[in-house]
Amino acid sequence: MRREALSVAGVEAVGPYTLLRLERGRMEPGIPGQFFMLQPPERVLPRPMSLCAAPAGQLAFLIDAIGPGTRALVSVDRGEQISVLGPLGNGYRIDVETPLLVGGGIGVAPFPYLSERLGSPPALLGFRSAWHAEAAALVPQAEVVIDPVLVTEPLEELASSHNVLACGPEPMLRAVQQLAPDAQLAWEAPMACGYGACYGCAVEIEGELKRLCIEGPVLQQNVRQEACA
Amino acid sequence: MRILNASGCLDALTAPEVTAQLDAFVSKTVTPLPREGNAPVRIAETDAGMLNSIGLANPGIDAFLAEKLPRLVDVGVPLWVSVGGFEASEFAELCRRLDDRDEIDVVELNVSCPNVEAAAESAAEIVAAARNATSKPLYAKLSPAVPDIAEVGRAAEAAGADGLSLVNTIRGLALDERTLEPVLGPAVGGYSGPALKPIALAAVFACYRSVRIPIVGMGGIRSGRDVVEFAAAGAADVALGTTLFSDPYAPQRVRDELAAEVAALGYSHADDVRGLAHGEANRQLLVEASRT
């Protein structure tokens with residue numbers, strides 16, 4: 001875990017999403033599926049983001065600007081500095097024989113880096129519109145489906161013969177796990193700190209509330225996030 | 001001037017390198033029985049602070065003593081243990097269990113968690129019950145959401161508190177941008193961060209004039225300048241909370257900034273700044289005046 005102020009190298013639109021490129025400094029990219037805490041300017045808390053790509057000398061993050069923190073992150077200018085902490089948490093195990101990436105929406109974020117580390121395996125990506133699906137261009141060998149078609153449709157045939165590595169919205173992850181019980185799933189939860197201090201990201205894992213930042217975010221188990229008390 | 005963490009804002013066992021920057025580590029509040037804590041969502045950012053509704057998640061006193069305490073000792077930082085309960089008798093029982101553990105320097109009484117139902121007794125009654133159960137130094141952590149915190153502080157001192165931790169979070173609510181429903185699972189949570197600083201400063205300022213016991217100031221501290229202000233208001237020590245979430249290396253940074261701020265003001269130690277907000281007045285006289 002290291003914290004450094006990194007310079008913004010570029011801010012690019014990818015469909016409705018934004019690819020934020022930062023100069024890497026002395027930060028390590030870590031294992032695909034691990035995440036970093038990015039401090040938006042003028043906000044109180046940093047935001048957890050998985051690494052999207054690790055081009056030479058850079059760290060790149062794919063951001064869906066849906067709230068005040070993510071909007072502040074994508075509004076930065078080239079040359080501005082952003083404090084970054086990481087890499088954090090547990091990423092994907094990449095010692096798998098027949099990887100298949102399965103992603104939905106902004107869940108595509110960790111796949112460019114994951115794909116690179118796995119030697120460009122096949123990928124199934126689902127999006128809610130053709131505009132959102134522009135992000136699929138970041139992932140080699142991607143088969144794209146667009147709402148109302150779901151990734152589980154093409155996955156049905158492929159699940160049993162592949163090691164599934166998935167990232168996406170909760171309902172998608174649950175559906176993927178039904179078809180591929182051993183799938184590695186990257187979950188999400190609101191986090192204040194990312195390193196186990198705040199207990200904010202507690203989710204139910206096998207009947208117990210645990211910190212997703214420490215136990216995950218990539219897990220083979222099912223996670224429950226809805227109110228359970 | 002010691003720099004501590006605010007209770008519940010750091011896990012020494014998962015972040016020992018962060019803890020090593022502190023002069024003392026304050027544990028997450030321990031309760032008699034294990035608590036899972038509140039249902040998610042548990043945190044929400046607002047424009048000038050954050051809300052939490054963790055709800056005192058902890059393994060309970062038995063597991064704390066058996067499993068956590070030995071490992072906390074290994075971290076090698078002086079240890080304060082925060083305790084919480086729903087009745088004064090529970091606080092007393094917790095203090096009894098901690099009393100003979102030499103590895104614990106201070107017991108902090110969390111009489112003011114905004115995320116669980118408050119104990120029926122007053123802060124002073126809880127302090128008195130705890131006082132009868134242990135000879136360890138007792139710090140009472142107070143809520144700023146009272147009409148007269150100086151009065152609560154005086155009562156805690158009279159009941160046997162050795163210090164005050166000022167302040168706990170204050171209840172707040174955040175609504176979702178689109179649905180307008182509460183963001184947090186239990187709706188309201190404890191508000192902390194920069195917005196809490198003036199409230200905390202006012203509490204330290206008021207209590208400094210009313211009690212003789214030392215005060216740990218906390219609430220929105222992010223910089224060495226903030227620490228100078230808490231010292232000037234009367235804090236003997238300070239604790240960092242929300243700022244640890246955005247910067248785990250804040251304790252060392254704040255300590256360095258504090259030294260520079262104090263020097264820039266023409267003083268050699270942070271302790272020289274203590275009470276400056278009260279003008280030339282002698283604290284003893286202020287305290288006596290507050291009691292007449």
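1. In this predicted model, 13 residues of domain 1 of chain A are in contact with 14 residues of domain 2 of chain A. On the domain 1 side of that contact, the residues divide into 9 nonpolar, 3 polar and 1 charged. The centres of domain 1 and domain 2 of chain A, taken over C-alpha atoms, are separated by 22 Å. For orientation along chain A, domain 1 covers residues 2-88, domain 2 covers 99-183 and domain 3 covers 187-229.

2. The contact between the chains involves 27 residues of chain A and 30 residues of chain B. The side of chain A that touches chain B is made up of 19 nonpolar, 6 polar and 2 charged residues. As to confidence, the predictor assigns the complex an ipTM of 0.93 and a pTM of 0.95, while chain B has a mean pLDDT of 95, with 98% of its residues at 70 or more.

3. Chain A contains an open sheet of 6 strands with mixed pairing, whose order is β9-β8-β7-β10-β11-β14. The edges of this sheet are occupied by β9 (142-146) and β14 (218-219) of chain A, each of which has a single partner strand, so that one side of each is left without a neighbour in the sheet.

4. Within the same sheet of chain A, which includes both β7 and β8, strand β7 (residues 99-104) and strand β8 (residues 123-127) run parallel and are joined by 4 bridges. A specific pairing that a reader can locate in the structure is that of Gly103(A), whose bridge partner in β8(A) is Leu125(A). Helix α2 (residues 111-118) of chain A packs on the sheet, where it touches β7, β8 and β10 (163-167) of chain A, and the direction of this helix makes about 175 degrees with that of β7(A).

5. In chain B, helix α6 (residues 197-208) and helix α7 (residues 224-233) pack with their axes 8 Å apart and at an angle of about 25 degrees. Because angles under 35 degrees count as roughly parallel, α6(B) and α7(B) are therefore described as roughly parallel to each other. From α6(B), the contact is made by Lys197(B), Leu201(B), Val204(B), Phe205(B) and Tyr208(B), and from α7(B) by Asp226(B), Glu229(B), Phe230(B) and Ala233(B). Taken together, the residues of this contact between α6(B) and α7(B) divide into 6 nonpolar, no polar and 3 charged.

Definitions and conventions. Residues are numbered from 1 along each chain as its sequence is written. Chains are lettered from A and ligands numbered from 1 in the order in which they are written. This is a predicted model: local features need pLDDT of at least 70, side-chain atom pairs count only at pLDDT 80 or more; totals for chains, interfaces and linings use all residues. Domain bounds come from an automatic or database domain assignment. Two residues are in contact if their C-beta atoms, placed from the backbone, lie within 7 Å. Ala, Val, Leu, Ile, Met, Phe, Trp, Tyr, Cys and Pro count as nonpolar, Asp, Glu, Lys and Arg as charged, and the others, Gly among them, as polar. pLDDT is the predictor's confidence in each residue, from 0 to 100. Two strands pair if DSSP finds at least two bridges between them. Helices (H or I, at least four residues) and strands (E, at least two) are DSSP runs, numbered from the N terminus. Axes are lines fitted to C-alpha atoms, for helices over the stretch in contact, and angles run from 0 to 180 degrees between N-to-C directions. Angles under 35 degrees count as roughly parallel, over 145 as roughly antiparallel, 65 to 115 as roughly perpendicular and the rest as oblique.
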